[in-house]
Amino acid sequence: MKGEDFLKELNDLEADIIEEARNPMIREKKKVNGNIIKFIALAACITVFTGAVILRSISVQPQKNIHPAEKNTSEEKEFQTQEETTELSDIEVTEKKQIIWLDYDVTRDGINDKITIDIPAEYESRMTECTITDGSNENVIYHAAFSPAYPNWGELYLSEKEGIVSFIEYNPVLSQGTGDYHYEVFVLTGGEKTILNENNMFFNLSDMENYMETIDKMGTFYYEINDYISNSMLLISTVNGEIQYSEKPNRLFKQEEYEFLYENNLHYTQENMYERLREYFLYWSEQIQYAKTHISLAVLENTLTPSGASFQIINTSGTNGYSEEVYYVEKYRNRQWEICDYVNDDIEFRDIKSLVMDGESYSFTVDWSNVYGELDSGSYRMVKKVSLSENICIEAVCDFEILKETNTQNTTE
């Protein structure tokens, strides 16, 4: 049986769902012509969201609850003898816990194989491991380790259908609004790992200009991954800093829900994933537009020279914020704004955050002679990132003019 036909039989998938794994979108390295500063500033300020690593929470919140699945098939429910959850934080763990499964013929040789899950003491900082041993010769045919500490978290599922045992490794990583979700479906027939399907989804939740494309990508991935994991037993999960695992008779079944969607109770009534994502992005788009109209940047009078100037950020948004040291200067040429070229390749900015209090102003002085050199005559603008309470990040912009005659005239936003 070909891999594609096998995959269809295994998961009841339509042909249009089975496709080649998509490559993650990779940001190209910015050239040292001034563009790198914009890239650094963007990366430092993708804080539009809250949750586990920003949208799931700016820092990982360790929670140790084990949650049984809310929705199970009739076959799954017979394994689910308890509805209450168990908290590992209530259990004194002095030694590692070992869970052994001898129920599955993983290699399809007629002999059941051994699946071992090792959960160590002090699991917050140590790896949880899964080892699969061939029942006929006791050779290790699979080993994987997961940690509750980002970025090593992940999940491992087991699916059995028509006597065929398959596994799904799932790594949903989200950091500062940038996600890299990856899954891999495989079998260990014959003792070797054979990948049946895999996919990778890279996305940027702060990209409001292309959010419709992001919605389509995330919605498609949502239904695709849940086709696999919602009917598969969760062997081990360390996602979001919490550890979950199946035991007899309590086998866990779960699905991907994009937990960041539920911030501020925005989406509890939404059922369709595409609608939930659309509402989410529209909400944050409105918040960003509001922030843009209440954060302003102006050049202080009589301070502008070809070598630098003093600026002032004014915050009337109703929320305290902060600004980092990073900035960039753009020049208007060829009918577009272009970042000015660096004077050398060793430009660095300090990791300093300055408070921008609500109802107040924050002033700072910039000497860009060691970054861009002295500016010649032309139209320019200063761009500075301002983040509000680690939820919203906007670009504050101030236009100014360097004149050949005086080199001092300027205009503000």
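The chain of this predicted model holds five helices and 21 strands. It runs to 413 residues, and 47% of them count as buried. About 21100 Å² is left exposed, with carbon and sulfur atoms supplying 43% of that area. As for how the chain folds back on itself, take the contacts between residues at least 6 apart in sequence: 61% of these join residues at least 24 apart.

Now to one of the sheets. Six strands line up in the order 10-9-8-7-11-12 to make an open sheet, and the pairing is antiparallel. Strand 10 (194–204) and strand 12 (244–245) sit at the edges, each pairing on one side only. Further in, strand 7 (residues 155–161) and strand 8 (residues 164–175) pair in the antiparallel sense through seven bridges. Here Glu-160 stands opposite Val-165 of strand 8.

Helix 4 ties into this picture: it lies across strands 7, 8, 9 (178–187) and 10, and runs at about 150° to strand 10. Helix 4 (residues 211–229) also meets helix 5 (residues 273–294), their axes coming within 9 Å and crossing at roughly 145°. The crossing is right-handed. On the helix 4 side, the contact is made by residues including Tyr-211, Met-212, Ile-215, Met-218, Tyr-222 and Tyr-223, while helix 5 brings in Met-273, Tyr-274, Leu-277, Phe-281 and Leu-282, among others. Asp-216 of helix 4 takes part too, as do Arg-276 and Arg-278 of helix 5. Overall, the residues of this helix-to-helix contact split into 11 nonpolar, three polar and three charged.

How values were computed:
Residues are numbered from 1 along each chain as its sequence is written. This is a predicted model: local features need pLDDT of at least 70, side-chain atom pairs count only at pLDDT 80 or more; totals for chains, interfaces and linings use all residues. Side-chain values use heavy atoms; hydrogens and water are left out. Axes are lines fitted to C-alpha atoms, for helices over the stretch in contact, and angles run from 0 to 180 degrees between N-to-C directions. Helices (H or I, at least four residues) and strands (E, at least two) are DSSP runs, numbered from the N terminus. A crossing is left-handed if the near helix is turned anticlockwise from the far one by less than a right angle, and right-handed if clockwise. Contact means heavy atoms within 4.5 Å. Ala, Val, Leu, Ile, Met, Phe, Trp, Tyr, Cys and Pro count as nonpolar, Asp, Glu, Lys and Arg as charged, and the others, Gly among them, as polar. Buried means under 20% relative accessible area, exposed over 50%, partly exposed in between (1.4 Å probe, protein chains only). Accessible areas come from the Shrake-Rupley method with a 1.4 Å probe; for residues, only the protein chains shown count as cover. Two strands pair if DSSP finds at least two bridges between them.
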